[in-house]
Amino acid sequence: MNHLGDLLSAHLDGELASHERSRVAEHLQTCDRCRRELEELASARAAVRSLPLLELPVALSTAIGARPDPIPLRRRPVAWVGAAAAAAFAVFVSAAALTAPEPREISPPQLNAVYGAVSSNEGAFTVVKVAGATAAAGGAR
Amino acid sequence: MNEPLPETWEDVARKHGRKIYNFAYRLCGNPDDAADLVQEVLLRVRRGLADYTPGSFDGWLWRITRNAFLDDVRRRKRRPTSPLPDHTDRMSEWSSPGPDEVLAGLRLGEDIQKALLDIPIEFREAVVMCDVVGMSYEEIAAAVAAPIGTVRSRIHRGRKLLRERLT
Ligand SMILES: [Zn+2]
């Protein structure tokens, strides 16, 4: 019996050709091994999809004159919900201030403040070295 | 799927900058290299817009993006004195004693990023295009100039390798 192999990933992504769909469905009904593999693949896929979508570092968006992306990526950004999220953000920022720069999710009010201020720079394109720029964002360091 | 040419590279920066940055960050694992790559891509876009012939704009942009990334990888190989900083380890220094669930969640993200950096580039690229950027197999195939079957296989093998590293 031929197992499904990379058809399983295509199945998860909705990328099977129509003639492959019935074969995959039938095979999965009878094969424990492929069902197990499907679960493992699904968890790896979910892990990567759980990574937060990062905002552009402020220095970079200033350098390229880009304001927030009006066309979101197809995945929804990780939602920061309620007080727990606010606390998480505060912890993350204060911890990050002590260590290496790490891009982080920026709350919408901060974004407006930051990006509103650079609109006059639109069109100016200069290549700048943005090393350490993320540490400056959010008042860290 | 023909798309109108974006009028200026500023439009490109505004519409696609964040996508390119997330792609670059997940491929190289640190903000400085990702920012450098975004700027390099936009420079190439600005130079190339004049010669752009109508077609799939996204395909054109992603070909530029991944070529810029691969050029950067090749440059690094010739310059072994400047490896990618080991960002992940520094993060874990401050977070290791934290009993906090919040920090645990953040560490989890770091684990995933570290696992991504650990798998071969062509698998990492395919997985990131699929699961971070949200491209279809067809779009990925156009961007990396490979058949769809190859893309499917790379995504599949990438996920299997990630799974091994995350358990
Ligand atoms: Zn099977």
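1. B:Arg165 is partly exposed, with a relative accessible area of 35%; buried here means under 20% relative accessible area, exposed over 50%, and partly exposed in between (1.4 Å probe, protein chains only). B:Arg165 belongs to helix α8 (residues 148-166) of chain B, where helices (H or I, at least four residues) and strands (E, at least two) are DSSP runs numbered from the N terminus. This is a predicted model, in which local features need pLDDT of at least 70, side-chain atom pairs count only at pLDDT 80 or more, and totals for chains, interfaces and linings use all residues. Residues are numbered from 1 along each chain as its sequence is written, chains are lettered from A and ligands numbered from 1 in the order in which they are written, and side-chain values use heavy atoms, with hydrogens and water left out.

2. The surroundings of B:Arg165 include a residue remote in sequence: B:Asp118 is 47 residues away along the chain, yet the C-alpha atoms are 8.5 Å apart. The two side chains make a polar contact at 2.9 Å. A polar contact is a pair of N or O atoms within 3.5 Å; within protein, one must be able to donate a hydrogen and the other to accept it, and residues adjacent in sequence count only if both atoms are side-chain atoms. A polar atom of the B:Arg165 side chain also lies 3.1 Å from the backbone oxygen of B:Leu161. Leaving aside residues up to four places away in sequence, B:Arg165 touches B:Ala115, B:Asp118 and B:Ile119, a contact being heavy atoms within 4.5 Å.

3. Helix α8 of chain B also holds B:Lys160. This lysine, B:Lys160, counts as partly exposed at 34% relative accessibility. B:Lys160 touches A:Glu37 and A:Leu41 of the other chain.

4. The zinc ion is coordinated by A:His3 (ND1), A:His27 (NE2), A:Cys31 (SG) and A:Cys34 (SG), at 2.0 to 2.3 Å. A:His3 and A:Cys31, 28 residues apart, link distant parts of the chain: A:His3 sits in the segment before α1 (7-12) of chain A, and A:Cys31 in the loop between α2 (18-30) and α3 (32-49). Donors are N, O and S atoms within 2.8 Å of the metal (3.2 Å for Na, K and Ca); water is not among the atoms, so sites may look incomplete.

5. The arrangement at the zinc ion is tetrahedral because the four donor atoms subtend angles of 99 to 127°; for four donors, the term requires all angles to lie between 85 and 135 degrees. Of the ligating residues, A:His3 is partly exposed at 29% relative accessible area, whereas A:Cys31 is buried at 4%.

6. Chain A comprises seven helices and zero strands. Of its 141 residues, 42% count as buried. Among chain A contacts between residues at least 6 apart in sequence, 68% join residues at least 24 apart.

7. In the largest nonpolar core, which has 70 residues, the members touching the most others are B:Tyr21, B:Val41, B:Val45, B:Met129, B:Ile140 and B:Leu162. Helix α1 (residues 9-28) of chain B gives the most to this core, with ten residues. Such a core is a set of buried Ala, Val, Leu, Ile, Met, Phe, Trp, Tyr and Cys residues joined through side-chain atoms within 4.5 Å.

8. On confidence, the average pLDDT of chain B is 82, and 78% of the residues score at least 70; pLDDT is the predictor's confidence in each residue, from 0 to 100. Over residues 81-99 of chain B, pLDDT stays under 50, and the model has 28 contacts beyond four places in sequence for this stretch. The predictor assigns the complex an ipTM of 0.81 and a pTM of 0.68.

How values were computed: Four donors count as tetrahedral if all angles lie between 85 and 135 degrees; four count as square planar and six as octahedral if opposite donors are over 155 degrees apart and all others between 65 and 115; anything else is irregular.
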